[in-house]
Amino acid sequence: MTDNVLLIFGMLALCLSASVASDIIPLQDFCVADPTSPVVMNGLACKDPKKVEANDFSFSGLDVAANTSNPLGSTITPVTVYQLPGLNTLEISLVRVDYAPRGVNPPHTHPRASEILTVLEGSLEVGFVTSSPENRRISKVLKKGDVFVFPVGLVHYQRNVGSGNAVALAALSSQNPGVIVIAGAVFGSVPRFGADVLGRAFQVDQGVVEYLQSKF
């Protein structure tokens with residue numbers, strides 16, 4: 001009996017070591033995303049390599065300033081696998097962020113990526129909040145050429161503190177980093193959170209919650 005138990009645990013150990021030792025990098029030169037594929041998987045299916053062309057690996061437009069005439073005063077121009085199919089399986093993506101004076105990129109998280117941001121123009125206050133129970137806000141004012149990193153999953157933000165427009169370029173460690181904007185997720189969820197739930201969570205009257213939900 002003991003020998004059988006040891007044999008089973010030995011086999012399990014071998015299986016686990018094999019899975020840990022498996023390749024975590026692509027096993028081919030590239031896997032250009034094929035958005036038309038009916039295959040459902042974690043990520044996107046590969047396009048036939050024989051049909052891949054240069055345009056699958058290029059994107060144009062990051063030199064163009066985006067329109068920031070919106071309530072937030074900021075606009076994101078993403079370059080993820082959905083805009084650049086050649087990013088599929090490469091675990092990288094890029095965004096340009098344009099900020100009007102006093103514009104903000106509101107508190108949000110990327111559930112699948114860390115982010116490194118470089119200021120190209122203007123001056124930004126940036127920061128992130130550590131996990132509970134500390135909830136410590138770590139922030140800094142950046143100027144042109146400065147770089148700041150946001151660890152994966154942590155709530156972070158940017159705010160234009162200069163007198164003119166600002167521009168930043170950010171790289172993320174996922175082809176599809178995802179984004180959860182805190183205010184929209186909490187007050188604009190579908191279906192809605194009950195006002196009593198959010199009222200208790202934020203320690204405010206339910207009428208305040210209903211007003212905030214009406215904004216989303």
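What follows is a walk through the fold, backbone, core and pocket of a predicted model.

Start with the overall layout. The chain has four helices and 10 strands. Along the sequence, these run as α-β-β-β-β-β-β-β-β-β-β-α-α-α. Of the 216 residues, 31% are buried. The accessible surface adds up to about 13700 Å², and carbon and sulfur atoms account for 61% of that. The contact pattern leans on sequence-distant partners: for contacts between residues at least 6 apart in sequence, 68% link residues at least 24 apart.

On to the strands. Five of them form an open sheet in the order β6-β5-β8-β3-β10, and the pairing is antiparallel. The edges of this sheet are β6 and β10, each of which pairs on one side only. Within the sheet, β5 and β8 (residues 155–160) are held in antiparallel register by six bridges. In that pairing, V129 sits opposite V155 of β8.

The β5 strand (124–129) leads into a loop that ends at β6 (137–142), and P133 belongs to that loop. The peptide bond between S132 and P133 is cis, with omega about 10°. The loop between β5 and β6 also holds N135, whose phi is near 50°, a positive value in a residue other than glycine. N135 is partly exposed, since its relative accessibility of 46% falls in between the 20% and 50% cut-offs.

A second cis peptide bond joins V190 and P191, this time with omega about -5°. P191 sits in the loop between the helices α2 (182–187) and α3 (195–202). Positive phi also turns up at R102, where the angle is near 70°. R102 is in the loop that links β2 (93–99) to β3 (104–109), and with a relative accessible area of 71% it counts as exposed. For background, most residues other than glycine have a negative phi, and most peptide bonds are trans.

Not every loop residue is out in the open. S174 is in the loop between β9 (166–172) and β10 (180–181), yet at 10% relative accessibility it is buried. Leaving out residues up to four places away in sequence, S174 makes contact with E91, I92, S93, R112 and A113.

The nonpolar residues come next. The largest nonpolar core contains 16 residues, and those with the most contacts inside it are Y99, L117, L124, V126, L142, F148 and F150. Several strands feed this core: β2, β4 (115–121), β5, β7 (147–150) and β9 each contribute at least two residues. The biggest share comes from β9, with four residues. A second core, separate from this one, has six residues, among them A33, V79, L84 and L87. As a general backdrop, nonpolar side chains in soluble globular proteins tend to be buried together.

Y99 deserves a closer look. Beyond residues up to four places away in sequence, Y99 touches T68, G73, S74, N105, L117, L124, Q158, N160, N165, A166, V167 and A168. Two of the named core residues, L117 and L124, are thus on the contact list of Y99.

T118, in strand β4, gives another view of how separate stretches of sequence meet. The C-alpha atoms of T118 and G145 are 6.3 Å apart, although the two residues are 27 positions from each other along the chain. Again setting aside residues up to four places away in sequence, the contacts of T118 are D146, V147, V167, A168 and L169. T118 is partly exposed, at 25% relative accessibility.

Finally, the second largest pocket. Its volume is about 340 Å³. The lining of the second largest pocket consists of 21 residues, with I76, V95, H108, H110 and V179 lying nearest the centre. Three strands, β1 (74–79), β2 and β3, each provide at least two lining residues. Of the elements that line the second largest pocket, β1 gives the most, with four residues. The β2 strand therefore turns up in two places, as a contributor to the largest nonpolar core and to the lining of the second largest pocket.

Technical notes: Residues are numbered from 1 along each chain as its sequence is written. This is a predicted model: local features need pLDDT of at least 70, side-chain atom pairs count only at pLDDT 80 or more; totals for chains, interfaces and linings use all residues. Side-chain values use heavy atoms; hydrogens and water are left out. Buried means under 20% relative accessible area, exposed over 50%, partly exposed in between (1.4 Å probe, protein chains only). Contact means heavy atoms within 4.5 Å. Accessible areas come from the Shrake-Rupley method with a 1.4 Å probe; for residues, only the protein chains shown count as cover. Two strands pair if DSSP finds at least two bridges between them. A nonpolar core is a set of buried Ala, Val, Leu, Ile, Met, Phe, Trp, Tyr and Cys residues joined through side-chain atoms within 4.5 Å. On a 1 Å grid over the protein atoms alone, a cavity is a set of points where a 1.4 Å probe fits but cannot get out, and a pocket is an open set with protein on both sides within 12 Å along at least five of seven lines; lining residues have an atom within 4 Å of a point. Grid points are joined across faces, edges and corners, and a volume is the space filled by probe spheres set on the points.
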